[in-house]
Amino acid sequence: MGWRNHPLMQPRPPCTRPALRAFAPSRSRQVGRGEWATTPNQSGPTRMRPLPADGQSSAKPPSKAPPARQTRPMAMDRTRAHSFNAAAAQYAANRPSYPELLLDALEELAGRPLRDARVADIGAGTGIASALLHERGARVIAVEPGEGMAAQFRRTNSGIPLVRGDGNRLPLATASADFLTYAQAWHWIDPAVAGPEARRVLRPGGALALWWNLTDHSAQWQSAQEARLRDFFRTDPTERAARGGHYGAEIPGLDFTERRIPHTRRVPLATHLANLGSHSAFLVLGEERTKEFMEREHDLLSAAFPDGMVEETYVVHLSLALT
C-alpha cells in the first residue's frame with residue numbers, strides 16, 4: 001500500500017482556516033508558507049517553540065500553568081528548531097533510544113496493543129521512536145517538518161511512510177489515528193494549537209502520548225556535568241527546570257497519566273560527547289565555543305572513565321491521555 005493511500009492520509013473535511021482548506025493529502029504541489037503539501041522536498045513549517053534546551057532535566061512537571069509561551073524571540077526559536085537539519089546524521093548515530101518498557105506502558109495506559117494500531121509519530125526526527133513503534137507491529141506514519149531530518153529518516157526507515165508537517169497543523173485525516181506520539185518533540189510546537197489538532201486527528205478513545213528522555217541526575221557525574229552546562233550557557237537553574245515540562249496537562253478536556261521509566265546505556269566517551277553536541281543549544285552555539293566545552297569535558301570524563309566507556313542513566317517521562 002502506497003503512503004498516499006495510508007488510512008491516516010485520507011482527505012479530511014474542509015476547514016475554516018485558509019491554510020488548512022488549501023491542503024489536500026493526495027496532491028503534490030508547491031505551496032506558500034503557512035500552507036501544506038506532502039511532497040518530500042517541500043519546506044517545513046516554522047511555527048515552533050522550544051524549551052530552553054532539550055533532554056537534560058530531571059525536574060518534575062509544573063503543577064499549575066505552563067511557562068509563558070515565548071521566552072526568546074521567534075527567530076531564535078526557528079533557528080534552534082531547524083538546527084537539527086544540518087546535524088541529522090550526528091543525531092541519528094548518537095542519541096539514546098527508548099526502552100521496551102516504554103512501549104509496554106503505552107499499551108497499558110491506552111488499553112490496547114500497538115500491533116495493527118494506526119500511529120502517527122509527530123516530529124519524528126530521524127525515526128528513533130517510529131522504528132520502535134513499527135517493530136512492535138503498529139501501522140506508523142511519521143510527520144516531520146525538517147528537510148534534513150526527513151532525509152535521514154528515509155535513509156534508515158524506508159518501510160515507514162513520512163510526510164512533511166508538524167503538530168500545529170497536522171496533514172492527517174480527522175478521527176483517523178489510534179495513537180498520536182510525540183517523542184522528544186512536544187516542546188517544539190504551540191500546545192494551544194497542537195492540543196486541539198491532536199484531538200481532531202485522534203479517534204474517540206485514541207491516545208495522545210508525549211515523552212522525553214531526560215538525564216537522571218541521581219548519578220553524581222551527570223549531576224556535575226549538568227552544573228557545568230548551566231555555568232557554560234549561563235542558564236538560570238529555575239529556567240532549566242522547565243525542560244521537558246509536560247504542557248499536555250494544560251490541554252482542555254484531556255487528563256494525563258504520567259509514568260517514569262528508568263533506563264541506561266553504556267557507550268564510548270566519543271558517543272556521549274557527540275550526543276551532547278547534537279542538542280540545539282550546541283548546534284546554534286558555533287564550532288569554536290562548542291569545541292571549547294567538548295575538549296574540557298573530554299578531559300574531565302576521561303579521568304572519571306579511564307576505560308573510555310560511559311554509562312548514561314535516563315528516565316523517560318511519559319504523559320498519556322485518552323480522548
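Which elements do the buried residues of H4 pack against? Before selecting them, note that this is a predicted model.

**Whole chain**

Show the chain as a cartoon. It has 12 helices and 7 strands. Colour by accessibility next: 57% of the 323 residues count as buried. Among contacts with a separation of 6 or more, 75% join residues 24 or more positions apart.

**Helix H4**

Select residues 100-110, which form helix H4. Show the side chains of Leu 102, Leu 103, Ala 105, Leu 106, Glu 107, Leu 109 and Ala 110, which are buried in H4. Now add the partners that answer the opening question: the buried residues of H4 pack against H5, E4, strand E5 (202-215), strand E6 (256-268) and strand E7 (309-322). Step off the end of the helix to Gly 111, which follows H4 and has a positive phi near 75°.

Continue along the loop between H4 and E1 to Asp 116. Phi of Asp 116 is also positive, near 70°, in a residue other than glycine. Most residues other than glycine have a negative phi. Asp 116 counts as exposed because its relative accessible area is 53%, and the cut-off for exposed is over 50%.

**The largest cavity**

Turn on the cavity display. The structure holds 4 cavities of 30 Å³ or more, and the largest has about 470 Å³ of space. To centre the view on the largest cavity, select Tyr 91, Gly 123, Gln 184, Ala 185 and Trp 188, the residues nearest its centre among the 37 that line it. Then colour the elements that give two or more residues to this lining: helix H2 (74-82), strand E1 (118-122), helix H5 (128-135) and strand E4 (177-183). Two of these, H5 and E4, are also among the elements that the buried residues of H4 pack against. Coloured by class, the lining shows 18 nonpolar, 14 polar and 5 charged residues.

**Strand E2 and the loop before E4**

Select Val 140 in strand E2, residues 139-143. Val 140 is buried, since its relative accessible area is 4% and the cut-off is under 20%. Add Pro 161 and draw a distance between the two C-alpha atoms: Val 140 and Pro 161 are 21 residues apart along the chain, and these atoms are separated by 7.4 Å.

Next go to Ala 175, in the loop between strand E3 (162-163) and E4. Is Ala 175 buried or partly exposed? At 38% relative accessibility, Ala 175 counts as partly exposed. Its phi is positive, near 55°, and Ala 175 is a residue other than glycine.

**Helix H8**

Finish with helix H8, residues 220-233. A distance between its end C-alpha atoms gives 20 Å, which agrees with the 20 Å that 14 residues should span at 1.5 Å a residue. Show Trp 221, Gln 222, Gln 225, Glu 226, Leu 229 and Phe 232, which are buried in H8. Look down the axis of H8: the buried residues fall within an arc of 140°, so they line one face of the helix. An α-helix has 3.6 residues a turn, so residues three or four places apart point the same way. Now rotate to the other side of H8, where Gln 220 and Asp 231 are exposed. The last stop is Arg 234, just after H8, with a positive phi of about 50°.

Note on methods:
Residues are numbered from 1 along each chain as its sequence is written. This is a predicted model: local features need pLDDT of at least 70, side-chain atom pairs count only at pLDDT 80 or more; totals for chains, interfaces and linings use all residues. Side-chain values use heavy atoms; hydrogens and water are left out. Helices (H or I, at least four residues) and strands (E, at least two) are DSSP runs, numbered from the N terminus. The expected span of a helix is 1.5 Å times one less than its number of residues. Buried means under 20% relative accessible area, exposed over 50%, partly exposed in between (1.4 Å probe, protein chains only). The arc is that of the directions from the helix axis to the C-beta atoms. On a 1 Å grid over the protein atoms alone, a cavity is a set of points where a 1.4 Å probe fits but cannot get out, and a pocket is an open set with protein on both sides within 12 Å along at least five of seven lines; lining residues have an atom within 4 Å of a point. Grid points are joined across faces, edges and corners, and a volume is the space filled by probe spheres set on the points. Ala, Val, Leu, Ile, Met, Phe, Trp, Tyr, Cys and Pro count as nonpolar, Asp, Glu, Lys and Arg as charged, and the others, Gly among them, as polar. Contact means heavy atoms within 4.5 Å.
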